[in-house]
Amino acid sequence: MHSLVRRSRGIVLAALLGVSLAALAGCGRNYGPYPATALEVNERILRVRGAFEKVKSDPLANEVRLDLQRAETWIVTAEAEAKEGKVDERADLYLTTAEGQLSMIQTHYARRRAEDKLAKRREQALAPMAEETPE
């Protein structure tokens, strides 16, 4: 009886291990390849550069100056890699980092705008109360 329980536990553990390893093996294939050609890298650089310019021109840009400088540095570094003609994972990594930095900046802008909007609504909601108070 005990050997039957041990044997079934062993089978269950082996099955779980097999499923886990199969799932991990599939993770790498779904990520996607690095840019295969310099043209693809240049297209991505242009897209990231355009997003950077848009974020940089925002009225709140002064609040995230340091983040903007970091993003621009990553973009310039990726451009330098592309000009050397080496298409490898480093250029992709630099562009992915720049995209992450830009995403952080856009999140900051959205949060600040939401905070400002909430503050205005609070002021509007409290304004009628202030007018109704007896003197």
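In this predicted model, arginine 90 and glutamate 81 pair up through their side chains in a salt bridge, with N and O 3.3 Å apart. The two partners sit in rather unlike surroundings: glutamate 81 is buried, at a relative accessible area of just 8%, whereas arginine 90 comes out at 35% and so counts as partly exposed.

That pairing is one of eleven salt bridges turned up by a search of the whole structure. Another ties arginine 44 to aspartate 92, and here the closest N and O atoms lie 2.3 Å from each other. This one connects distant parts of the chain, since arginine 44 belongs to helix α2 (residues 38-56) and aspartate 92 to helix α4, with the two positions 48 residues apart. Both arginine 44 and aspartate 92 are buried.

Helix α4 also holds a salt bridge of its own, between the side chains of arginine 111 and glutamate 115 (3.4 Å, N to O). These residues are four apart in the helix, so about one helical turn separates them. Arginine 111 is partly exposed at 45% relative accessible area, and glutamate 115 is partly exposed too, at 40%. Elsewhere, Arg49, Glu53, Glu72 and Glu79 are joined into one network by salt bridges with shared partners.

Histidine 108 is a further resident of helix α4, which covers residues 89-132. Its relative accessibility is 15%, and because the cut-off for buried is under 20%, histidine 108 counts as buried. Once neighbours within four places in sequence are set aside, histidine 108 is in contact with Glu63 and Val64.

Note on methods: Residues are numbered from 1 along each chain as its sequence is written. This is a predicted model: local features need pLDDT of at least 70, side-chain atom pairs count only at pLDDT 80 or more; totals for chains, interfaces and linings use all residues. Side-chain values use heavy atoms; hydrogens and water are left out. Buried means under 20% relative accessible area, exposed over 50%, partly exposed in between (1.4 Å probe, protein chains only). Contact means heavy atoms within 4.5 Å. A salt bridge is a side-chain nitrogen of Lys or Arg within 4 Å of a carboxyl oxygen of Asp or Glu.
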